[in-house]
Amino acid sequence: MTARLNGAQPYALGLFRIVIGLLFACHGAVALFGVLGGVDGKGGTAATGAWPNWYAAVIELVGGILVLLGLGTRAAAFISSGAMAYAYFKVHQPQGLWPIENQGEGAAMYCWSMFLLIFTGSGAFGVDRLLARRTSAQGRQSTDQTPVVA
């Protein structure tokens, strides 16, 4: 059983990354474009350039899309995790110690989910993995085609 689960690990991680990236990008789209009800439930958006809401929304949208695609996953997850840590400690934590009492569950979960992706990478189905395969295949081709000098 363990061997099967270990063999499926890259695929489960890839699906985890896709879901987290999609949900994270949706948060940014809500604040930047007013889709899915917007920030006020009536299609409202974050004021352009407003600190920290607009900048957080940009990080959420761009970081979420990059994580969703598995492109620069570790860097995008690092920035996204930091943004969510900032959101938790500056916005939510002053209202109460525990996430359940300060409505910071989302920020805490995204922070730790992105933190996990920093260390695990993109898993299966990611552009990162596709690019790594191409790079290693090109490296093997160049060494295979080197003429032999007698």
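Contact here means that heavy atoms lie within 4.5 Å of each other, and with that in mind the tour of this predicted model can start at its second helix.

**Helix α2 and the turn after it**

Select α2 (53-69) and colour its buried residues, which are A57, E60, L61, G63, G64 and V67. What covers these buried residues of α2? The cover includes α1, α3 and α5, so with buried taken as under 20% relative accessible area these helices are worth displaying alongside α2. The 17 residues of α2 should span 24 Å at 1.5 Å a residue, and the end C-alpha atoms of the helix are indeed 24 Å apart, in agreement with that value. Step just past the end of α2 to G70, where phi is positive at about 75°.

**Helix α5, seen from its buried side**

Next, select α5 (105-120), whose 16 residues reach 22 Å from the first C-alpha to the last, close to the 22 Å expected at 1.5 Å a residue. Its buried residues are A107, Y110, C111, S113, M114, L117 and I118, and they pack against α1 (2-33), α2 (53-69) and α3 (73-92). While looking along the helix, keep in mind that an α-helix has 3.6 residues a turn, so residues three or four places apart point the same way. After α5 comes G121, which has a positive phi near 80°.

**S80, inside helix α3**

From M114 of α5, which is one of the residues that S80 touches, move across to S80 itself, which is placed in helix α3. Is S80 buried or exposed? It is buried, with a relative accessible area of 1%. Not counting residues up to four places away in sequence, S80 touches F24, I59, G63 and M114, and G63 has already appeared among the buried residues of α2.

**The loop between α5 and α6**

Now follow the chain into the loop between α5 (105-120) and α6 (127-144), where S122 is placed. S122 counts as buried, because its relative accessibility is 7% and the cut-off for buried is under 20%. Which residues does S122 contact, leaving aside its neighbours within four places in sequence? They are L13, G14, R17, G70, T73, D128 and R129, so that G70, the residue just after α2 with the positive phi, comes back into view.

Stay in this loop and select G126, which also lies between α5 and α6 and counts as buried at 8% relative accessibility. With neighbours within four places in sequence left aside, G126 is in contact with R17, L69 and G70; R17 and G70 are also in the contact list of S122. A distance worth drawing runs from G126 to L66, which are 60 residues apart in sequence and 9.8 Å apart in space, C-alpha to C-alpha.

**A nonpolar patch on the surface**

Switch to a surface view and select I65, L69, L71 and L131, which form a nonpolar patch with about 300 Å² of accessible area together. L131 is found in helix α6, where it is partly exposed with a relative accessible area of 41%. L69, another member of the patch, was met above as a contact of G126.

**Backbone details in two loops**

Go to the loop between α1 and α2, and select P52, which lies there. The peptide bond from W51 to P52 is cis, with omega near -5°. In this loop between α1 and α2 is also L36, whose phi is positive at about 55° although it is not a glycine; L36 is exposed, with a relative accessible area of 68%.

A further positive phi of about 55° in a residue that is not a glycine belongs to Q103, found in the loop between α4 (99-102) and α5. Q103 counts as exposed at 53% relative accessibility.

**The annotated spans**

To finish, select residues 12-36 and 57-87, which an unreviewed UniProt entry lists under "transmembrane region". In the model, residues 12-36 are 88% helix and 0% strand, with end C-alpha atoms 28 Å apart. Residues 57-87 are 90% helix and 0% strand, and the end C-alpha atoms of this span lie 11 Å apart.

Technical notes:
Residues are numbered from 1 along each chain as its sequence is written. This is a predicted model: local features need pLDDT of at least 70, side-chain atom pairs count only at pLDDT 80 or more; totals for chains, interfaces and linings use all residues. Side-chain values use heavy atoms; hydrogens and water are left out. Helices (H or I, at least four residues) and strands (E, at least two) are DSSP runs, numbered from the N terminus. Buried means under 20% relative accessible area, exposed over 50%, partly exposed in between (1.4 Å probe, protein chains only). UniProt positions are given in the numbering used here, feature names are shortened, and annotations may be inferred rather than shown by experiment. The expected span of a helix is 1.5 Å times one less than its number of residues. Patches are made of residues with over 30% relative accessible area and no salt bridge: like charges are joined within 9 Å, nonpolar side chains (Val, Leu, Ile, Met, Phe, Trp, Tyr) within 5 Å. Accessible areas come from the Shrake-Rupley method with a 1.4 Å probe; for residues, only the protein chains shown count as cover. A salt bridge is a side-chain nitrogen of Lys or Arg within 4 Å of a carboxyl oxygen of Asp or Glu.
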